[in-house]
Amino acid sequence: FDAADLDTAFADWRVVKSNAVRLTLHATSIDDYPLFRQATEPTIHAARLRDRRFVESGLDEETTARLVADLLEHAAEPRPADDLQAWLNERLGDVAHPGIWWGLRQYSPLLHVPSGATWTFGGKRGFVAPPRLPASGEAASAEGMKALTLRYLAAFGPASIADVALFGMVQRSRVRAALKDLSDQVIEVEGPDGKPLYDIPNGPLPDEDTPAPPRLLGMWDNVLLAYSVRDRVIPPEHRKSVIRINGDVLPTLLVDGYV
């Protein structure tokens, strides 16, 4: 892609940066963001608001929900992270537990404000509330899960329930329920081991002897994290070199479709 085009998309808020997928930062279209966030809401809630750093603050769920709503209202316009933290301290007192800002910043559906000259988001961090907030509740999470599942299959299908669950960091039961609801929009094919894989209709299925040109993949490329069985892309002897102990996923070169 042309980095300048992506800069423009970020500046125009057509593409946004957030933690809506897999508890880590992704660039998504502004239209997809609320749905993706709805899909991963249960995961983000459990990982952030039940984290020891936040739980030790002693905030109950009702107070937390009110603070999140007020934070999003305060961030209707882009604000530096330091300003948002100062606002929170003023609300709670200067002795506010440090885990509160960490938890609210990580949990709240905030978008990163473009900073610096490029899509790498250099400089001081800032946040803003999305123009359309994700819906809440089980029904909304289920709708989001269906949208995320279809996007995943369009990119990485045929794939298994375990693949989708690992990619989105969501429960397999939620993927299974989404696929059941999407029965008229997905197809089922037999995998190499005889177990079912899922795909979108008319998704490309090249012959096994189709040439795969060499490909450079950047750090954290989603292809390397798309499948529960890493061997589909990363030979076992290279796995520890690619996915490091600290969680980093290094840049790679694909030859014939493999690292």
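**Exercise 1. Determine which residues Leu153 touches, not counting residues up to four places away in sequence.**

Solution. Step 1: apply the contact criterion, namely heavy atoms within 4.5 Å. Step 2: list the partners. Leu153 touches Ala159, Val164, Leu179, Val186, Tyr198, Asp199 and Ile200, with residues up to four places away in sequence not counted.

The model is a predicted one, in which local features need pLDDT of at least 70 and side-chain atom pairs count only at pLDDT 80 or more, while totals for chains, interfaces and linings use all residues. Residues are numbered from 1 along each chain as its sequence is written, and side-chain values use heavy atoms, with hydrogens and water left out.

**Exercise 2. Describe the largest nonpolar core and state which elements give two or more residues to this core.**

Solution. Step 1: recall that a nonpolar core is a set of buried Ala, Val, Leu, Ile, Met, Phe, Trp, Tyr and Cys residues joined through side-chain atoms within 4.5 Å. Buried means under 20% relative accessible area, exposed means over 50%, and partly exposed lies in between (1.4 Å probe, protein chains only). Step 2: identify the members. The largest nonpolar core has 38 residues, and those with the most contacts inside it are Tyr152, Leu153, Val175 and Leu224. Step 3: assign the elements, where helices (H or I, at least four residues) and strands (E, at least two) are DSSP runs numbered from the N terminus. Two or more residues of this core are given by each of β1 (15-21), α2 (32-49), α7 (138-156), α8 (161-168) and α9 (172-181). The largest share, 5 residues, comes from α7. Step 4: look for a further core. Another core, of 19 residues, lies apart from this one, and Leu49, Phe54, Leu72 and Leu104 are among its members. As general background, nonpolar side chains tend to be buried together in soluble globular proteins.

**Exercise 3. Examine the salt bridges of Arg151 and Glu143, and state whether each residue involved is buried or partly exposed.**

Solution. Step 1: apply the definition, a side-chain nitrogen of Lys or Arg within 4 Å of a carboxyl oxygen of Asp or Glu. The structure holds 10 salt bridges. Step 2: take Arg151. Its side chain meets that of Asp32 in a salt bridge of 2.6 Å, N to O. This pair links distant parts of the chain, with Arg151 in helix α7 and Asp32 in helix α2, 119 residues apart. Arg151 counts as partly exposed because its relative accessibility is 41%, whereas Asp32 counts as buried because its value is 13%. Step 3: take Glu143. Its salt bridge with Lys146 has an N to O distance of 2.8 Å. Glu143 and Lys146 are 3 residues apart in helix α7 and are therefore separated by about one helical turn. With 44% relative accessibility, Glu143 counts as partly exposed; Lys146, at 18%, counts as buried.

**Exercise 4. Describe the pairing of β1 with β2 and the order of the open sheet of 3 strands.**

Solution. Step 1: note that two strands pair if DSSP finds at least two bridges between them. Step 2: consider β1. Strand β2 (residues 24-29) pairs with β1 in the antiparallel sense over 5 bridges. Thr28 in β2 is the bridge partner of Val16. The hairpin of these strands has 2 residues between them, and Arg22 takes a positive phi near 60° there. Step 3: consider the open sheet. Its 3 strands have the order β3-β5-β4, with antiparallel pairing. The edge strands are β3 (79-80) and β4 (111-112), each of which pairs on one side only. Between β3 and β5 (residues 126-128) there are 2 bridges, and Arg79 stands opposite Phe127 in β5.

**Exercise 5. Locate Gln106 and Leu6, and list their contacts outside four places in sequence.**

Solution. Step 1: place Gln106 in helix α6 (residues 98-107). Gln106 is buried, because its relative accessible area is 18%. Residues up to four places away aside, Gln106 touches Asn19, Ile44 and Arg48. Step 2: place Leu6 in helix α1 (residues 3-11). With neighbours within four places in sequence left aside, Leu6 is in contact with Phe1, Val15 and Trp119. Step 3: relate Leu6 to Glu90. These residues are 84 residues apart in sequence and 37 Å apart in space, C-alpha to C-alpha.
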